[in-house]
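Student: I would like to go through this structure by question and answer. Please show it to me before we start.

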Amino acid sequence: MKILLQPSFWLLTIFLSGIYLIITIYLTNYRLVGETFFGPYSLDYKSNVLISLIGGLETAVPRLNSIALIVIALLTGANVTLLIKNLLARRRPGAYCLATGSSIFGSLASICSACSLPILTLLGLGGSFILLPLGGTELSLLVIILLTLSLFFSLRPVMLVRGGGEYCE
């Protein structure tokens, strides 16, 4: 839990969250991004379009989904930061860390719900989201719960030092 008080943890978390948000926004608009990036447009136009996509999140996505996306990005950033810190702690001589939670699963579980609907449609589950009260936003809430649990369990990694167990810090 001491790691949550370290400024380096929060700086890396916010940086990784920003990267996650940008990747999610660009993947959602992959056709526009591809056409803009590879099209015969000026560098000024390309940069304006790509920056405008990030600023347009609030108008393109409902408020609840925007909030969920930001929370998922922060939780993903925190999980990846803990994963990096745990992997770096393993490099100490004579010690290795075992995460009691699944940081890797938490990092991979944060796929946006809109992107996972085509996969669920192949499984025959896509149409059932119409019947849900929030129209599929429940997937984002499930991801938030999974990432929160992963973060909680990842905060308690155990460092094993040749026969004895201590907590990694």
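The turns below go from the whole chain to its core, surface patch and aromatic pairs.

Student: How many helices and strands does the chain have?

Tutor: The model is a predicted one. From the N terminus on, its elements follow the order α-α-α-α-α-β-α-α-α-β-β. The secondary structure therefore comes, by DSSP runs, to eight helices and three strands.

Student: What percentage of the residues of the chain count as buried?

Tutor: A residue is called buried when its relative accessible area is under 20%. The chain has 169 residues, and the share that counts as buried is 36%.

Student: What share of the exposed area do carbon and sulfur atoms supply?

Tutor: The area in question is the one that the chain exposes, about 10900 Å². Of this area, carbon and sulfur atoms supply 73%.

Student: What share of the contacts with a separation of 6 or more comes from residues 24 or more positions apart?

Tutor: A contact here is a pair with heavy atoms within 4.5 Å. Among the contacts in the chain with a separation of 6 or more, residues 24 or more positions apart account for 73%.

Student: Which element gives the most residues to the largest nonpolar core?

Tutor: The largest nonpolar core has 21 residues, and Ile72 and Leu82 touch the most other members. Two or more residues each come from α1, α3 (43–55), α5 and α8 (137–154). With seven residues, the element that gives the most to this core is α5.

Student: Is isoleucine 144 buried or exposed?

Tutor: Isoleucine 144 is located in helix α8. Leaving aside neighbours within four places in sequence, isoleucine 144 is in contact with Ala68, Val71, Ile72 and Leu75. The relative accessible area of isoleucine 144 is 17%, so this residue is buried.

Student: How far apart in space are isoleucine 144 and alanine 73?

Tutor: In sequence, isoleucine 144 and alanine 73 are 71 residues apart. In space, taken C-alpha to C-alpha, isoleucine 144 and alanine 73 are apart by 9.5 Å.

Student: Which residues does serine 17 touch, not counting those up to four places away in sequence?

Tutor: Serine 17 belongs to helix α1. Serine 17 counts as buried because its relative accessibility is 5%. With residues up to four places away in sequence not counted, serine 17 touches Ala73, Leu74 and Gly77.

Student: Which helices each supply at least two residues of the nonpolar patch?

Tutor: The patch is on the surface, covers about 380 Å² and is made by Trp10, Ile14, Ile70 and Leu74. One of these residues, Trp10, is placed in helix α1. The helices that each supply at least two patch residues are α1 (7–28) and α5 (63–89).

Student: Why does tryptophan 10 count as partly exposed?

Tutor: Partly exposed is the class in between buried, under 20%, and exposed, over 50%. Tryptophan 10 falls in that class because its relative accessibility is 42%.

Student: What kind of aromatic pair do phenylalanine 9 and tryptophan 10 form?

Tutor: The count of aromatic pairs comes to three. In the pair of phenylalanine 9 and tryptophan 10, the ring centres are 5.3 Å apart and the planes are at 85 degrees. Phenylalanine 9 is buried, with a relative accessible area of 1%. Planes over 60 degrees apart count as edge-to-face, so the pair is edge-to-face.

Student: What kind of pair do tyrosine 41 and tyrosine 45 form?

Tutor: Tyrosine 41 counts as partly exposed at 36% relative accessibility, and tyrosine 45 is partly exposed at 42%. Their rings are 5.0 Å apart centre to centre, with 45 degrees between the planes. An angle that is neither under 30 nor over 60 degrees counts as tilted, and the pair of tyrosine 41 and tyrosine 45 is tilted.

Definitions and conventions. Residues numbered from 1 in each chain as written. Predicted model: local features only at pLDDT ≥ 70, side-chain atom pairs only at ≥ 80, totals over all residues. Heavy atoms only, no water. Patch = residues over 30% accessible without salt bridge, like charges linked within 9 Å, V, L, I, M, F, W, Y side chains within 5 Å. Areas by Shrake-Rupley, 256 points an atom, 1.4 Å probe, with all protein chains shown as cover. Salt bridge = Lys/Arg side-chain N within 4 Å of Asp/Glu carboxyl O. Helix = DSSP H or I, 4+ residues; strand = E, 2+ residues; numbered from the N terminus. Buried < 20%, exposed > 50% of the residue type's maximum accessible area, 1.4 Å probe, protein only. Phe/Tyr/Trp six-rings, centres within 6.5 Å; stacked < 30°, edge-to-face > 60°. Core = buried A, V, L, I, M, F, W, Y, C linked by side-chain atoms within 4.5 Å.
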